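Subject: A structure for you to explore

Hi there,

Here is the structure I promised to hand over. Have a look around it first, and then read on for what I found.

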Amino acid sequence: MNDPLDDPGRTVPTRTVLARAEDEHGEIVLCRRGEVFELVVDGVFAMDTTHTATEEALATLTLTRLPDPGSGPGSGSGPGSGPGSGFRVLVGGLGLGFTTATLLADPRVGEVEVVELHPALVEWIGQGLVPTAKGLLDDPRVIVRTGDVADVVPTLPRDRLDALLLDVDNGPGFLTHAGNTTVYSAPFLVTAARAVRRGGVLGVWSADRAPELAVALERACGECEEILLDVTRDGRTFTYVVYLARVVR
Ligand SMILES: C[S@@+](CC[C@H](N)C(=O)[O-])C[C@H]1O[C@@H](n2cnc3c(N)ncnc32)[C@H](O)[C@@H]1O
């Protein structure tokens, strides 16, 4: 994504580095610019706390498409009232926590397993360094795993989830981590779809339209919607995309 600080004419608050870490997957930096918190991965702007509607939409749009909790195999055991009941969702990529927080705001959600590549980011969110995500990981419905979602998903039992949401990168056309090619590949999406129960949703966020991804999702799940979402950032409009594939097999 484009860094909003690239606009030379604008006066912007100074960017302060709050935390920085490096692991085998690269460098991750949490910055603050006035009231805005920003995540930078390997020197590339990943996201900030200003325009989060599409990260939230990945969750809300998914939830509107799910049948009632408890109405199918692999779903939770009853209405969403806590861990072990309600919708079970896996989120690939914690980021600044907006998708996860939006899921948790729905009482029908009983469990959110978050898989995040960078352990340091999990620590920072846990420590409350990002105010909008304060307390997020203390919710008893949350399970956090550090690791690559491409390694975790193949270990999931069949029909385990009501929804599996992937927002790990900018989309197949513009990767921050070259290794994330796997996450958008047809074989991985077939594996991901197996972990989602019939009627459930496999959702993917992308910074651009990705027709091949839509085809791969449709083949893996049976149906795929492409939802275009405009975001205006510093006077420029970006069209981000949420792909929602419903498992109909
Ligand atoms: C754009 S952010 C996600 C934003 C998130 N939806 C939100 O609402 O804040 C992408 C996140 O995915 C993580 N990530 C990147 N590749 C990953 C992978 N293969 N497995 C798990 N997490 C990954 C990044 O470290 C980053 O935290």
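A word you will need throughout: helices (H or I, at least four residues) and strands (E, at least two) are DSSP runs, numbered from the N terminus. Please keep in mind that this is a predicted model.

**The whole chain**

The chain contains 6 helices and 11 strands. Buried residues account for 39% of its 249 residues. If you take the contacts between residues at least 6 apart in sequence, 65% of them join residues at least 24 apart.

How confident is the predictor? The average pLDDT over the chain is 91, and 89% of the residues score at least 70. For residues 73-81, however, the pLDDT is below 50, although this stretch has 37 contacts in the model beyond near neighbours in sequence.

**Two helices, each with a buried side**

Let's begin with helix H6, residues 211-221, where the buried residues are Leu213, Ala216, Leu217, Ala220 and Cys221. Why do they sit on the same side of H6? They do so because they cover an arc of only 110 degrees around the axis. The face turned away from that buried side carries Pro211, Glu212 and Val215, which are exposed. Among the elements covering the buried residues of H6 are helix H5 (186-194) and the strands E9 (196-206), E10 (222-233) and E11 (236-247). Just after the helix comes Gly222, with a positive phi of about 120 degrees.

Helix H3, residues 119-126, can be read in a similar way: look for Leu121, Trp124 and Ile125, which are buried. Their arc around the axis is only 95 degrees, so they lie on the same side of H3. These buried residues pack against strand E1 (15-23), strand E2 (26-33) and E6. After H3 you will find Gly128, whose phi is positive, near 80 degrees.

**The nonpolar core**

In soluble globular proteins, nonpolar side chains tend to be buried together. In this model, the largest nonpolar core has 61 residues. Which residues have the most contacts inside this core? They are Val89, Ala163, Leu164, Val196, Leu202, Leu217 and Ala245.

You have already met Leu217 as one of the buried residues of H6. Apart from neighbours within four places in sequence, Leu217 is in contact with Leu189, Leu202, Val204, Cys224, Tyr243 and Ala245.

**Two residues to click on**

Val114 belongs to strand E6. Is Val114 buried or exposed? It counts as buried, because it has 26 C-beta neighbours inside 10 Å, and the cut-off for that is 20 or more. Not counting residues up to four places away in sequence, Val114 touches Val91, Leu94, Thr100, Val142 and Val144. You can also check its distance to Gly97: the two are 17 residues apart along the chain, and their C-alpha atoms are separated by 9.5 Å.

Leu61 is part of helix H1, residues 53-65. With 17 C-beta neighbours inside 10 Å, Leu61 counts as partly exposed. Leaving out residues up to four places away in sequence, Leu61 touches Ile227, Val242 and Leu244. Leu61 and Tyr243 are 182 residues apart in sequence, yet 9.9 Å apart in space, C-alpha to C-alpha.

**Around the ligand**

There are 25 residues around the ligand, and those that come nearest are Glu55, Gly93, Gly95, Phe98 and Leu117. Strand E4 (44-48), helix H2 (98-104), strand E6 (109-116) and helix H4 (149-152) are the elements that give two or more residues to this shell. What classes of residue make up the shell? It has 12 nonpolar, 8 polar and 5 charged residues.

**Two loop residues with a positive phi**

Asp42 is not a glycine, but its phi is positive, about 50 degrees. You will find Asp42 in the loop between strand E3 (36-41) and E4. Asp42 has 13 C-beta neighbours inside 10 Å and therefore counts as partly exposed.

Asp159 also has a positive phi without being a glycine, near 60 degrees. Where is Asp159? It lies in the loop between H4 and strand E8 (161-166). Asp159 is partly exposed, because 17 other C-beta atoms lie within 10 Å.

Happy exploring!

Best wishes

Terms used. Residues are numbered from 1 along each chain as its sequence is written. A residue is buried if 20 or more other C-beta atoms lie within 10 Å of its own, exposed if 12 or fewer, and partly exposed in between; C-beta atoms are placed from the backbone. The arc is that of the directions from the helix axis to the C-beta atoms. Two residues are in contact if their C-beta atoms, placed from the backbone, lie within 7 Å. A residue is near a molecule or strand if its C-beta atom, placed from the backbone, lies within 6 Å of it. Ala, Val, Leu, Ile, Met, Phe, Trp, Tyr, Cys and Pro count as nonpolar, Asp, Glu, Lys and Arg as charged, and the others, Gly among them, as polar. A nonpolar core is a set of buried Ala, Val, Leu, Ile, Met, Phe, Trp, Tyr and Cys residues joined through C-beta atoms within 7 Å. pLDDT is the predictor's confidence in each residue, from 0 to 100.
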